[in-house]
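Subject: Structure handover

Hello,

Here is the structure for your work, with my notes on it underneath. Please read the notes with the model open.

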Amino acid sequence: MRHLLTPLDFTTGELDDLFDLAGSIEKDRSAFSHVCSGKKLATCFYEPSTRTRLSFESAMLNLGGSVLGFADAQSSSAAKGETVADTIRVISCFADICAIRHPKEGSARVAAEFSSIPVINAGDGGHHHPTQTLTDLLTIRSLKGRLNDFTIGLCGDLKFGRTVHSLIHAMSRYDNIRFVFISPPELKVPDYITQSLNEKGIPYEEVIKLEDCLERLDLLYMTRVQKERFFNEEDYIRLRSFYILDGEKMKMAKDDMFVLHPLPRVSEIAPEVDNDRRAAYFRQVQYGVYVRMALIMTLLELA
Ligand code: NCD
């Protein structure tokens, strides 16, 4: 039985197969509309979510399966003190596959240890968010036709942003990738990540201003400041509007530079950018459904 806990759990070859399957789904969704009939997906969300949970549910429904779960820790037995280990043992009796989101780093791994069904990490604290990364990679592959040979800028909360951490890990496996980390000094990418890039000899630079690198980027991954992971409200208020990508700044970027964002957006991208054909963040949401359909099929061994 396989789980998806970190973006490195699949080899790049396996990811190619997954993205090819997502591509086939995109071309002819109706051909997959009964693949999971009789199967159930449980979504166990101990943290707020719109996209990820509904994207999973939509994916399973598109495959002809059914969904059950909870969207709020307060409405689950966690409120009575139940552990993740016990909850997943119980969920294993109700469903065939489970997507779990939890505020604690490592919680999905604990769930997988005690589970008798495949577990998908839908975000564990500030650690990883592998299915967002699958979404990001499929989006990049679809827009650019490749996953190598890019200068990619990641901008915003690089300290707490789990989507950033997962994307850096995943992109590090492709050839000729150069990272530009754009953040205020307080929200720099964690040392364990830069150390691992140093060990692998992968080039990166750290800058504070978007204007210092925009014209060199092939891809720009914007993120919001992660309010819920701040210890102090004052710091959050000071940093939340540090970056605003607007129409004026987009003039500095290459014609074929795409802007991605895992969403939700707060104020880091001005709405006027939405009409720019390089704004790819809403298309990204659609790719998220295709890739989750492909993932559910793969983990249930129905691919
Ligand atoms: C991200 C998350 O939950 O980490 N959202 C998502 O799943 N699309 C990004 C975020 O909340 O900022």
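A residue is called buried here if its relative accessible area is under 20%. By that cut-off, 10 of the 10 residues of helix 6 are buried, and the helix is mostly covered. Please keep in mind that this is a predicted model.

Helix 6 and strand 5

The buried residues of helix 6 are R162, T163, V164, H165, S166, L167, I168, H169, A170 and M171. The helix spans residues 162–171 and lies across strand 5, strand 6 and strand 8, running at about 165° to strand 5.

Strand 5 is also covered. Because 6 of its 6 residues are buried, strand 5 is largely enclosed by the rest of the structure. This holds for both faces: F150, I152 and L154 are buried on one side, and T151, G153 and C155 on the other. Strand 5 runs parallel to strand 6, and 6 bridges join the two. Within that pairing, F150 has I177 of strand 6 opposite.

The five-stranded sheet

Strands 5 and 6 belong to an open sheet of 5 strands with parallel pairing, in the order 7-6-5-8-9. At the edges are strand 7 (204–207) and strand 9 (258–260); each has a single partner strand, so one side of each has no neighbour in the sheet. From one strand to the next, the twist averages 20°.

Strand 9 is joined to strand 8 (residues 219–222) by 3 bridges, and these two strands run parallel. L219 has F258 of strand 9 as its bridge partner.

Helix 5, which covers residues 130–144, lies across strand 5, strand 8 and strand 9, and runs at about 165° to strand 9. One of the residues in helix 5 is T135. Is T135 buried or exposed? T135 has a relative accessible area of 3%, so it counts as buried. Leaving aside residues up to four places away in sequence, T135 touches Q284, Y287, G288, V291 and R292.

The four-stranded sheet

Another open sheet has 4 strands in the order 2-1-3-4, again with parallel pairing. Strand 2 (66–70) and strand 4 (119–124) are its edge strands; each pairs with a single strand, so one side of each is left without a neighbour in the sheet. Neighbouring strands here are turned against each other by 15° on average, direction ignored.

Strand 4 runs parallel to strand 3 (residues 97–102), with 4 bridges between them. C98 stands opposite V119 of strand 4.

Helices 3 and 4

How do the axes of helix 3 and helix 4 cross, and at roughly what angle? The axes of helix 3 (residues 84–94) and helix 4 (residues 107–114) come within 8 Å and cross at roughly 50°. Helix 3 is therefore oblique to helix 4. The crossing is right-handed. On the helix 3 side the contact is made by V84, A85, I88 and R89, and on the helix 4 side by S107, V110, A111 and F114. By class, these contact residues are 6 nonpolar, 1 polar and 1 charged. The spacing along a helix is relevant here: an α-helix has 3.6 residues a turn, so residues three or four places apart point the same way.

Regards

Technical notes
Residues numbered from 1 in each chain as written. Predicted model: local features only at pLDDT ≥ 70, side-chain atom pairs only at ≥ 80, totals over all residues. Heavy atoms only, no water. Axes fitted to C-alpha atoms, helices over the stretch in contact; angles between N-to-C directions. Parallel < 35°, antiparallel > 145°, perpendicular 65-115°, else oblique. Left-handed = near helix turned anticlockwise from the far one by under 90°. Contact = heavy atoms within 4.5 Å. Nonpolar A, V, L, I, M, F, W, Y, C, P; charged D, E, K, R; others polar. Pairing = 2+ DSSP bridges. Buried < 20%, exposed > 50% of the residue type's maximum accessible area, 1.4 Å probe, protein only.
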